[in-house]
Amino acid sequence: MTSLQRNPALDVLVFLFPLAVYLVTCAPGIGFGDTAIIIDNIYNLRLNSQVNTHPLSVLVGQLFLALPFDSIAYKANLMSVFAGSVSVFLLYKALCYALDQRLVPALAAGLFTFSKSMWWHSTVVENYAVSSVVTGFALIAFVRLWRSGNGNWLKLLFFLVGLGFYNHVQFGFMGMGVGVAFLLHLRRERAPLRLFLHCGIALLVGLAPWIATVLHDYSQSGDLALTLKMATVGVFGGTMFSVSFLQGLQDTAFVYFLEYPHLFLPVPFIGIYFAGRRMGWASPAFWGVFTYVFGNSAFFAYYSTWDRFAFLLQSFMLLTFFGAFALASLFEYLDGRRQVIARHVVTALLVGCM
């Protein structure tokens, strides 16, 4: 176990493992109706600000069209294979930085590899795997902010919010989390005004592609209100908050059960406590991640659509991050009592859950 925790070869394995799983299970053609739309957007390089176009994914997808395969749909699907594998790896690296070890992060990454939403969106082309790459980088930045106390990591976080917006407007919820982290950190900063200005610039740089696309579409339509509506809400306004409180809670609980239908199911919620205790209850990074997961989950719990699990993928990634803190605390407890056999049993059970 000790050698495994310190072995850098595990880093390579954590990337290659999901890559192999997603390649083997990748859809050979068009997965379902919505994927046909994004395949068409990628093939024709269709970039606009409409809320369901996802231009960042369209641009990334262009790179995969150069692959030597006949099927355009398969090449587009490979974008999600790669993005999903990178997302799993970034979650792993964020946890390595947070926990100063490799075993628990590898176990958490393995569980996330096989979670329903991550697996689904890593085998058919969609925008959500690309969104998870952005969230993965954000988790690393949050952890670095916590471990170093250096406000410069907030600049990266604000940039990622803007860049993420170019892929999906749901990154507004990440913006909420980053904003909370910024406000909590600001009182610790020696030059708060300078940090405020730098973070504002970073946000504008990240948002620049989205703003440019919105302005281009406005120049074509001549109707700014309509352009902004289509870029932020689109035709989905009636889908928001269209179910009762209990119905939304029940539907979301069912989606979560399908995400982790095994022993890991309660661990993320327990992990929130252990993350708060380890990171500090006053930690800007802790509250930033918590706000992100809470805001995203609370909104899409009442977004009445069959693919609620797609919008909740970012929440599941963040919850897995929290869950790893509970696993780390369990392993530390077993180590403190020299329960080697129990540690092996827990590890085997977690691997079995995959």
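Cysteine 96 is buried, at a relative accessible area of 11%, and cysteine 26 is likewise buried, at 9%. Buried here denotes a relative accessible area under 20%, exposed denotes over 50%, and partly exposed lies in between, with a 1.4 Å probe and protein chains only. Across the whole structure, the search for disulfides returns 0, a disulfide being a pair of cysteine sulfur atoms within 2.5 Å.

The model is predicted, and local features need pLDDT of at least 70, side-chain atom pairs count only at pLDDT 80 or more, while totals for chains, interfaces and linings use all residues. Residues are numbered from 1 along each chain as its sequence is written, and side-chain values use heavy atoms, with hydrogens and water left out.

## Overall architecture

The protein chain contains 18 helices and 0 strands. The radius of gyration of the protein chain is 20 Å, close to the 20 Å that the globule rule gives for 354 residues, so the chain is as compact as a globular protein of that length. That radius is taken over C-alpha atoms, and the globule rule is 2.2 Å times the number of residues to the power 0.38. Helices (H or I, at least four residues) and strands (E, at least two) are DSSP runs, numbered from the N terminus. Along the principal axes, the C-alpha trace spans about 70 × 55 × 45 Å.

Of the 354 residues in the protein chain, 53% are buried. Among contacts with a separation of 6 or more, 75% come from residues 24 or more positions apart, where contact means heavy atoms within 4.5 Å. The chain exposes about 15600 Å², of which carbon and sulfur atoms supply 68%; accessible areas come from the Shrake-Rupley method with a 1.4 Å probe, and for residues only the protein chains shown count as cover.

The protein chain has 20 positive and 14 negative charges, and their mean positions are 15 Å apart. In this count Lys and Arg are positive and Asp and Glu negative, whereas His and the chain ends are not counted. Each charge is placed at NZ of Lys, CZ of Arg, CG of Asp or CD of Glu.

## Loop residues

Two loop residues have a positive phi. Histidine 54 has phi near 55°, a positive value in a residue other than glycine, and occupies the loop between helix 3 (33-43) and helix 4 (55-64). Aspartate 100 also has phi near 55° and is not glycine; its place is the loop between helix 5 (72-99) and helix 6 (103-113). The side of the burial scale differs: histidine 54 is buried at 8%, whereas aspartate 100 is exposed at 58%.

A further loop, between helix 14 (267-279) and helix 15 (284-300), holds tryptophan 281. With a relative accessible area of 43%, tryptophan 281 is partly exposed. Beyond its neighbours within four places in sequence, tryptophan 281 is in contact with Ile272, Tyr273, Gly276, Phe286 and Trp287.

## Helical residues

Helix 7 (residues 116-121) includes histidine 121, and serine 117 is placed in helix 7 as well. Histidine 121 is buried at 2%, and serine 117 is buried at 0% relative accessibility. Neighbours within four places in sequence aside, histidine 121 is in contact with Ser80, Glu126, Tyr128, Ala129, Phe309, Ala310 and Leu313. On the same basis, serine 117 touches Glu259, Phe309, Ala310, Leu313 and Phe316. Phe309, Ala310 and Leu313 therefore appear in the contacts of both histidine 121 and serine 117.

Leucine 350 belongs to helix 18 (residues 340-353) and is buried at 7% relative accessibility. Apart from neighbours within four places in sequence, leucine 350 is in contact with Leu107, Leu111, Leu327 and Phe331. Alanine 36, located in helix 3, is partly exposed, with a relative accessible area of 30%. The table lists a C-alpha separation for each of these two residues.

| Residue pair | Separation in sequence | C-alpha separation |
|---|---|---|
| Alanine 36 and valine 125 | 89 residues | 8.7 Å |
| Leucine 350 and leucine 327 | 23 residues | 9.8 Å |

Leu327 is thus both a contact of leucine 350 and its partner at 9.8 Å, C-alpha to C-alpha.
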